[in-house]
Each structure stands twice: as structure tokens, then as C-alpha cells.
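Me: I would like to learn how to read a few backbone and ligand features in a model like this one. Could you take me through them one at a time?

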Amino acid sequence: MTTATLTLARDGIFPITQSADDEVVMPVSGLSVAGTIQGEGIYAGVPSLFVRLQGCNLRCIWADSKQHAQTCDTAYTSLFPTEAKQVSVEYIYKTLKINRGKINHVVITGGEPLLQSASLLTLVDKLQSDNWLITIETNGTVWNEQVVQIIPKIALLSISPKLPSSTPTIEKLEQLGIEPTEATRRHSSIISDVEPLKNIVRAAHTHDTNYQLKFVVSTPNDESDIHNILGSLPLESEQHVVVMPMGTDAHEMHAAALAATEMAIRNGWRYSPRLHIDIFGNKEGV
Ligand code: SF4
């Protein structure tokens, strides 16, 4: 038994019908079973359970087509942290096991899950010994000894490098009534340092770990910003690149979908739907 702990976001482990301490949980998805589908990227549609870790080193805020500032859809892990809970790795492992059914895929997401890489490595080891396929979703800005050990053990590294359009500018912060903080000021310098991302991509190649570079696109400038990032990476194929339209609801997302589709066609990238928004709307815990 390990004593390692992880800090979960308020939606924690989802969607489940029972926790490891026998609490009965009603899934908010409207489905009658534990589990959901992965909504994005190359595993879109695959039945999955999710573990969301609390905390992020970035403070993404975009502008929609009407120039309205939009925080990320998990701002409760970053800008407005609320209701985090620290639990043991054992508890997460058991809860996933109880709710597994026929599901073989678990997505570990955030926030930025690699900020908790030491305990995350313990969880990954346990899940791997139970033959889970593991996806880790990351913004690609964290690189350390534990990340080196995690990469060979997972099925998919889903990296979402953040573009300059995610910067929490003074105008966007003012629109949302948010005071600038050290974290909002640091955002630009963190996303412009591509060294951690380079190391992550290199390690994925070395260990033959599947990975995707998933970009949320919201402005015409995004295309050249994506090329700038890709140009600095040891990329072997454009097929690792996935673009998705920005939008926290179906209406906003569909408005951005054509531009994202054109971008994908022009560059030989993959377009990703965001199935969970289509199916469940902008609901938490699905
Ligand atoms: S990196 Fe992800 S979780 Fe963190 S602020 Fe940006 S979109 Fe939100």
C-alpha cells in the first residue's frame, strides 16, 4: 500500500456511480452507467473514466468571435481554484476499479497534472499493472525526472501547447473583473519557453509513446503561431497535430469550426470534434 496522495479538482474522478468509500454517486451526464467517452483528439469516442487534478501553472483566457473574454472551461482548477481535495493514490485506484465495467481507458487531466508528477508516477504504475490504457493531458510546460519515467508507461500523451491567443491580457482581465496576479503575469513567459515541450516530444519518440499536439484555435493568427511552435520541435510527422475550435458551448464552437477545418485541410493536420460539448453541453463532470 502506498501513502502517496494527489490533489483532485472538485469534479475529481468522473463519471462514477460509486466511490471507494461506498458513497453512491449520481452521474451528472444523464447516462445511467459510470463512464463517458473521450470527447477530443485521436481517442475521441473511446469509453473512458477521467481523473482531474487540481492546479495549473497557466491562466488561459481567450477572446471569442465577438471579442468577449473567455476563461478556460476548467477555470476552477486554475484562475478560480475551489473545493480541491487531497486523496490517496490508493483511493483513486480503487474508485477507478469499482467503476471500470468494460472501460479500459483512463484520462488523467487537469489543470496541469504533471505539476503533481511524483505522486502521479505512483498512480500510473498501479494503473499500468492493471492494464489500463492511460492518456495524460498536459499543457507541455513541465519537465522533470518523474515525467521522464511516466512517458514510457502511458498509451497517449495529449499535449495542448498554449498559443499567444491564450494570454490573459489586461483588457481580458478587466472584462472579466479579475485583478492581475503573479500567475497571470507569468503566463506569457511560460508558454514562450519551448524547451520542456521539446524534451517531452523527444522522450515520446525515444520510448515510442503515441502523442498528439492538440491546439485550440480561435483567431486567424493561430495558424502561424502553431507553425512557430512546430518549427522548434523535433516533429516526425504532421499527423501528430490536431486542431479544435474554441468554444465553451456548442454555438460558439460551431462558429469557429469552419476556420479550424480549413486550417486542418491546408496543413495536413487532423481536425478534432469536441464530442462532449455536442453531447452533454458545457457540463462539468462528464
Ligand atoms: S493550461 Fe489548461 S487548465 Fe491551465 S489555464 Fe490553460 S486551459 Fe486551463
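**Reading the backbone and the ligand shell**

Reply: Asn131 lies in the loop between H2 and strand E8 (133-138), and this is a predicted model, so called in its record.

Me: What is the value of phi at Asn131?

Reply: Phi of Asn131 is near 60 degrees, which is a positive value in a residue other than glycine. The cut-off for exposed is over 50% relative accessible area, and Asn131 counts as exposed because its relative accessibility is 63%.

Me: Where is Gln67 found, and is Gln67 buried or exposed?

Reply: Gln67 is found in the loop between strand E4 (61-63) and strand E5 (69-71), and its phi, near 60 degrees, is again positive in a residue other than glycine. Because its relative accessibility is 52%, Gln67 counts as exposed.

Me: Which residues does the cis peptide bond with omega of about 15 degrees join?

Reply: That cis bond joins Gly110 and Gly111, and Gly111 has its place in the loop between strand E7 (105-109) and helix H2 (117-129). The peptide bond from Phe14 to Pro15 is also cis, with omega near -20 degrees, and Pro15 is found in the loop between strand E1 (5-14) and strand E2 (36-37).

Me: Where does the ligand sit, and which residues are around the ligand?

Reply: The ligand sits in the largest pocket, and the residues around the ligand include Cys56, Trp62, Asn139, Lys162 and Gly111, the last of which takes part in the cis bond with Gly110. By class, this shell has five nonpolar, four polar and one charged residues.

Methods: Residues are numbered from 1 along each chain as its sequence is written. This is a predicted model: local features need pLDDT of at least 70, side-chain atom pairs count only at pLDDT 80 or more; totals for chains, interfaces and linings use all residues. Side-chain values use heavy atoms; hydrogens and water are left out. A residue is near a molecule or strand if one of its heavy atoms lies within 4 Å of it. On a 1 Å grid over the protein atoms alone, a cavity is a set of points where a 1.4 Å probe fits but cannot get out, and a pocket is an open set with protein on both sides within 12 Å along at least five of seven lines; lining residues have an atom within 4 Å of a point. A molecule sits in a cavity or pocket if more than half of its atoms lie within 2 Å of its grid points. Ala, Val, Leu, Ile, Met, Phe, Trp, Tyr, Cys and Pro count as nonpolar, Asp, Glu, Lys and Arg as charged, and the others, Gly among them, as polar. Helices (H or I, at least four residues) and strands (E, at least two) are DSSP runs, numbered from the N terminus. Buried means under 20% relative accessible area, exposed over 50%, partly exposed in between (1.4 Å probe, protein chains only).
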